[in-house]
Amino acid sequence: MVLDTRPTPDGGPATGDAAQLVRGVSPVLEVPFHADGAVDVAGFGRVVDYVLGTGVSSVMFPGFASEYHKLSEAERAELTDVLLSRTRDRADVAAIVAVQDHATRLAAQRARSAVDAGADLINLLPPHYLSPSRRAIQQHVGAVLAAVAPTPVVLQYAPSETGTSLDAATLRELAGEHPNLRLVKVESSPPGRLIAELAAAEPPLPSVEGYAGVQLPDAFRRGAVGTQPGCSFTELYVEIWRRFEAGDHAGGDELHRRLLPYISYWMLDTELIIAAEKLVSARRGLFADPYCREPAHRLDAEEIRMVDRFLAEFDTMLPHLG
């Protein structure tokens, strides 16, 4: 995607600004594996095609839902290329490529390489191993932002998964120093207060809500511009967001209420929701095997029945994809 990143005369966002495509539902892509644990590259291509076919304007890869920490460098590079081959020539969709390296040098190099390969935005997960100081985290984030400027960056704040502690003042300071920090993915629990504080900043710092959309209605009402869940039932999130955006808050709340018993249970553990979403996708015919690389959560009989109840309840909205 070739973008005009110059601001408009009134100081507004640039025409064709990729960050403006991160609105509504922005799914994190899962990675299918064959039964022997090898990456199912063709299956991943079907995942990308399915998600883009739901009408979303951005996708993210690789994240926790992608089992990024279980991919080799070669696998990660190959899958990223599969994604970018489908997005780099499209002006209506943005590919957000994630960077999770703990070493600042490596994170900056990976982010720069992703941009050179065609990534429209970078999703940056701050370092967290061995509890780096807040100052060290800020320096790391600042170095990556500088390395890819003016490419927009989404800063991922996932305290439950990483233990990292950031506040609105720190995020606003980073955005003030680095204008290409354009969004924050807020996965604190609950996320609403931080989303509202960032939305009230001057200038506002937009947020997307994560954590499988468990707090999506509250996040929307507090100013979130999007949600970034997994991808195996993207249609449900798209419909919830459509209802909220159209002013049908009662309808959005009702559909989310039906979804909540499933996602609130699955999000009790990250490996659990990865396994559940993999089974949903396999049941829908998106790929053949729901295998998750070890160590992984193995769904028990009741959890498998729960997935099947979920698919039965939403069968009219989640067609078979095979």
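This passage describes the nonpolar cores and aromatic pairs of a predicted model. Local features require pLDDT of at least 70 and side-chain atom pairs pLDDT 80 or more, whereas totals for chains, interfaces and linings use all residues. Residues are numbered from 1 along each chain as its sequence is written, and side-chain values use heavy atoms, with hydrogens and water left out.

The largest nonpolar core (buried Ala, Val, Leu, Ile, Met, Phe, Trp, Tyr and Cys residues joined through side-chain atoms within 4.5 Å; buried means under 20% relative accessible area with a 1.4 Å probe, protein chains only) comprises 87 residues. Leu29, Phe44, Ile122, Phe233, Leu259, Trp266 and Phe310 touch the most other members. Helix 11 (residues 270–283) contributes the most to this core, with eight residues; helices are DSSP runs of H or I, at least four residues, and strands runs of E, at least two, numbered from the N terminus. Another core, of 14 residues, lies apart from it and includes Ala19 and Leu183.

The structure contains 13 aromatic pairs (ring centres of Phe, Tyr or Trp, the latter by its six-membered ring, within 6.5 Å; planes under 30 degrees apart are stacked, over 60 edge-to-face, the rest tilted). Phe44 and Phe61 form a tilted pair, at 5.0 Å centre to centre and 50° between the planes. This pair joins helix 1 (residues 41–53) to strand 2 (residues 58–61), its members being 17 residues apart. Phe44 is buried because its relative accessibility is 0%. The rings of Phe233 and Tyr237 are stacked because their centres lie 5.4 Å apart and their planes at 20°. Ring pairs link Phe233, Tyr237, Tyr262, Trp266, Phe310 and Phe314 into a cluster.

Definitions and conventions:
Buried < 20%, exposed > 50% of the residue type's maximum accessible area, 1.4 Å probe, protein only.
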